[in-house]
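Student: Could we go through this model together? I'd like to see how each label is earned from the numbers.

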Amino acid sequence: MDILQTKALKKYYGTGDTQVRALDRVDLSVAQGEFVAIVGTSGSGKSTLLHMLGGLDRPTAGTVTVDGKDIFTLKDEALTIFRRRKIGFVFQAYNLVPVLSVWENIVLPIQLDGSPVDEQFVRQVVQTLGLENRLDSLPSQLSGGQQQRVAIARALATKPAILLADEPTGNLDSKTSQDVLGLMKVTGQKFGQTMVMITHNEEIAQLADRIVRIEDGKIVRS
């Protein structure tokens, strides 16, 4: 079953001779539990695509369906709530709140939504990511790799339909990158998580179940 699907997705900037077609009729399907890497050079449209998949930006035309819902039929407030409940994000910048502990950072999105924290599940995620001894630490007391693992735990804690990762190892050295991506794959399999990751790193992309290549706003291999 497809948990994520786009149809004829377009994102154009400008008009006439200066028009930029960041995405040009993109059709993409991702199955439940699949780990997909989207690769492409700078300016290929991969970041724009990820922002569309996560409802962070609205398309010029086309649809994005997440867990059976055409997300761009939702008004802004409803889309924000849907995104918070159904989509987990991991960015290159870890986006942790510096004054909150590791545990507080992980459960923050759940609390913002007013939902009860499933402590047993969150602790399972924490243990899988090897963070159980750092729960009282502040982000500044962690290495880059540890901070990224906190960001992954935070994204998984809400039990999202899909996890979107934007160059998640861009700030890490190659050894730490492999470790973090390996953990992402393990957690994805353990918790039945669907993951879509964009990267320019071909070696890291090989860890995914499937590689989708995008060039000039079009998918050239899927």
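Student: Why is helix α3 called oblique to helix α4?

Tutor: This is a predicted model, and in it the axes of α3 (residues 102-112) and α4 (residues 119-128) cross at roughly 130° and come within 12 Å. Angles over 145 count as roughly antiparallel and 65 to 115 as roughly perpendicular, with the rest oblique. The α3 and α4 angle of roughly 130° fits neither of those ranges, so α3 is oblique to α4. The crossing of these two helices is right-handed.

Student: Which residues make the contact between α3 and α4?

Tutor: From α3 there are W103, I106, V107 and I110, and from α4 there are E119, V122, R123 and V126. By class they divide into 6 nonpolar, no polar and 2 charged. Glu and Arg count as charged, so E119 and R123 belong to that class.

Student: What makes α5 roughly parallel to α6?

Tutor: Helix α5 (residues 144-157) packs against helix α6 (residues 174-190) at an angle of about 20°, and their axes are 10 Å apart. Angles under 35 degrees count as roughly parallel, and about 20° is under that, so α5 and α6 get that label. α5 passes α6 in a right-handed crossing.

Student: Which residues of α5 and α6 meet?

Tutor: G145, Q148, R149, I152 and L156 of α5 meet T176, V180, L183, M184 and T187 of α6. This contact has 5 nonpolar, 4 polar and 1 charged residues. Gly is among the polar ones in this scheme, so G145 is counted there.

Student: Let's turn to single residues. How do you know whether T199 is buried or exposed?

Tutor: T199 has a relative accessible area of 2%, and buried means under 20%, so T199 is buried. T199 sits in strand β8 (residues 194-199). Leaving out residues up to four places away in sequence, T199 touches I38, V39, G40, K46, E167, I204 and A205.

Student: What makes the pair T199 and N201 a polar contact?

Tutor: A polar atom of the T199 side chain lies 2.9 Å from the backbone nitrogen of N201. The cut-off for N or O atoms is within 3.5 Å, so the distance of 2.9 Å satisfies it.

Student: And I198, also in β8: why is I198 called buried?

Tutor: The relative accessibility of I198 is 0%, under the 20% limit, so I198 counts as buried. Beyond four places in sequence, the contacts of I198 are I38, K46, S47, L50, A165, D166, E167 and P168. I110, 88 residues from I198 along the chain, has its C-alpha atom 25 Å from that of I198.

Student: G40 was among the residues touching T199. How do you know that G40 is buried?

Tutor: The relative accessible area of G40 is 9%, which is under 20%, so G40 is buried. G40 belongs to the loop between β3 (35-39) and α1 (46-53). Apart from neighbours within four places in sequence, G40 contacts K46, T199, H200 and I214. The C-alpha atoms of G40 and E202 are separated by 9.2 Å, with their positions 162 residues apart along the chain.

Student: What makes the phi of E167 worth a remark?

Tutor: Most residues other than glycine have a negative phi. E167 is not a glycine, yet its phi is positive, about 45°. E167 is in the loop between β7 (162-166) and α6. At 12% relative accessible area, E167 falls under 20% and is therefore buried.

Student: A8 also has a positive phi of about 45° without being a glycine. Why is A8 called partly exposed?

Tutor: A8 has 21% relative accessibility; buried means under 20% and exposed over 50%, so A8 is in between, or partly exposed. Its place is in strand β1 (residues 2-13).

Student: Last one: how do you know that the side chains of E34 and R210 make a polar contact?

Tutor: Their distance is 2.8 Å, and the cut-off is within 3.5 Å, so the pair qualifies. E34 lies in the loop between β2 (20-31) and β3. With a relative accessible area of 16%, under 20%, E34 is buried. Other than neighbours within four places in sequence, the contacts of E34 include S29, Q193, T194 and M195.

Conventions:
Residues are numbered from 1 along each chain as its sequence is written. This is a predicted model: local features need pLDDT of at least 70, side-chain atom pairs count only at pLDDT 80 or more; totals for chains, interfaces and linings use all residues. Side-chain values use heavy atoms; hydrogens and water are left out. Helices (H or I, at least four residues) and strands (E, at least two) are DSSP runs, numbered from the N terminus. Buried means under 20% relative accessible area, exposed over 50%, partly exposed in between (1.4 Å probe, protein chains only). A polar contact is a pair of N or O atoms within 3.5 Å; within protein, one must be able to donate a hydrogen and the other to accept it, and residues adjacent in sequence count only if both atoms are side-chain atoms. Contact means heavy atoms within 4.5 Å. Axes are lines fitted to C-alpha atoms, for helices over the stretch in contact, and angles run from 0 to 180 degrees between N-to-C directions. A crossing is left-handed if the near helix is turned anticlockwise from the far one by less than a right angle, and right-handed if clockwise.
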